[in-house]
Amino acid sequence: MDASSTVPAPKRILVVGAGLSGAVVARELADAGHHVTVQDERRHIAGNCHTEVDPRTGILVHAYGPHIFHTDDAAVWAYVTRFADMVPFRHRVKAVAGGRVYSLPINLHTINQLYGRAMTPCEARHFIRSQAIAGDDAPVSFEEQALRFVGPRIYETFLRGYTRKQWGVEPSDLPASILKRLPLRFDYDDRYFDHRHQAMPRDGYTEMVARILDAPRIELRLNAPFDGRPGPEIDHLVYTGPLDRYFGQDLGPLGYRTLDFERFEVEGDAQGTAGVNFCDEEVPYTRVTEHRHFSPWVEAPPERSVCFREYSHSARSGDIPYYPLRLLSDRKLLSRYRARAEAEEGVTFVGRLGTYAYLDMDKAIARAMETAGALNAAWAREAEAPAFVHAP
């Protein structure tokens, strides 16, 4: 067999979605020699991590809520620094509960603030252990996990009301796995994340995604909704939209949460930090973000500041889905959709919406790279397979 015959012919790929997952898959496939068309129903790239410069203030605004990049994955870090100048950024969050301001995530300062004590790390660890509600069985729900983790008072102060607003259901109906993402620290470290690499792209996420998509074999089409099936000229489809939408929701809709943003401007510095959570249930919004603090290297007029109040609710038809709800009914329905997705020929589902999974940005990038690598490897094996010719 001629060695040249084992080189796979370039594929014609359609990637639906110009967010982070779609852009990374597109770039990896284009760099491997394939021809890629990326289309998105929105008028901009970068999906929900889209950033834009506010024309009045010059502040770099996270249009769909803040995204902070953090990772321990060296390969992912090398990937993003290839396309963006990443500026170190330590996300620090405060919480308002009962008219008082506390440090988040829950750390030694938070514990001492709430209980009016001056405990050492060892004392605080033993104290929280005494407050926790013991149990023999593994916690199933968010509420059970919280009560085992931090006890009733911390749960009621910081977690119960905020969780009900954020997810729209009782904490007893949410899986325990959600709480496992939240750190509990017995020192005064108030960094929201503890990953080795924490940073923001100097020019914003949209510019970073634009550089990822800037390749000769990539064609970009915006304001172009996907009509359900690729044309005959397409060899393979990579789909990053909602999994249930691909199948017309014919088995029923999966549950998503979405966010509404109330944008407002204030004079001067509004809150002194990028994010403040409002834990009391009677406050209708979950948090206020102040965007000048997400890019302190940008020179913005000191007299104006751009802020967003965030309101969470169940996604309805036409809403932008943000978070998969993943209640028991969703998980049962998801298994049926996943079975259909696995049986779908010539289609790969990727990304937070395409796999109905809660993914941080670094995990989305890693999975997109893995997906592209798996596709390239599969096509290479196809090219190497011998062609059997039956003699007459």
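## A tour of strands and helices

Start by selecting strands E13 and E14 (residues 287-290), which pair in the antiparallel sense over three bridges. Two strands count as paired if DSSP finds at least two bridges between them; helices (H or I, at least four residues) and strands (E, at least two) are DSSP runs, numbered from the N terminus. You are looking at a predicted model, in which local features need pLDDT of at least 70 and side-chain atom pairs count only at pLDDT 80 or more, while totals for chains, interfaces and linings use all residues. Residues are numbered from 1 along each chain as its sequence is written, and side-chain values use heavy atoms, with hydrogens and water left out.

**Stay on E13.** Click asparagine 277: across from it in E14 is arginine 287. Now add strand E7 (residues 93-97), which runs parallel to E13 and is joined to it by four bridges. Here the partner of asparagine 277 is alanine 95. Show the side chains of E13 (residues 275-278): Gly275 and Asn277 point one way, Val276 and Phe278 the other, and all are buried (under 20% relative accessible area, 1.4 Å probe, protein chains only).

**Next, the open sheet.** Select E5, E9 and E6, which form an open antiparallel sheet in the order E5-E9-E6. Strand E5 (69-71) and strand E6 (86-88) are at the edges with a single partner strand each, so one side of each has no neighbour in the sheet. Between E6 and strand E9 (residues 197-201) there are three bridges, and methionine 86 stands opposite proline 201. Add helix H2 (residues 74-83), which packs on this sheet and touches E5, E6 and E9; touching, or contact, means heavy atoms within 4.5 Å.

**Finish with helix H3.** Select H3 (residues 108-115) with H6 (residues 152-167): their axes come within 12 Å and cross at roughly 100°. That makes H3 roughly perpendicular to H6 (a term for angles of 65 to 115 degrees). Axes are lines fitted to C-alpha atoms, for helices over the stretch in contact, and angles run from 0 to 180 degrees between N-to-C directions. Display Thr110, Ile111, Leu114 and Tyr115 of H3, which meet Arg153, Ile154, Thr157 and Phe158 of H6.

Now swap H6 for helix H4 (residues 121-131), whose axis comes within 11 Å of that of H3, crossing at roughly 65°. Which residues make this contact? From H3 they are Leu108, Ile111 and Tyr115, and from H4 Pro121, Ala124, Phe127, Ile128 and Gln131.

Terms used
Angles under 35 degrees count as roughly parallel, over 145 as roughly antiparallel, 65 to 115 as roughly perpendicular and the rest as oblique. Buried means under 20% relative accessible area, exposed over 50%, partly exposed in between (1.4 Å probe, protein chains only).
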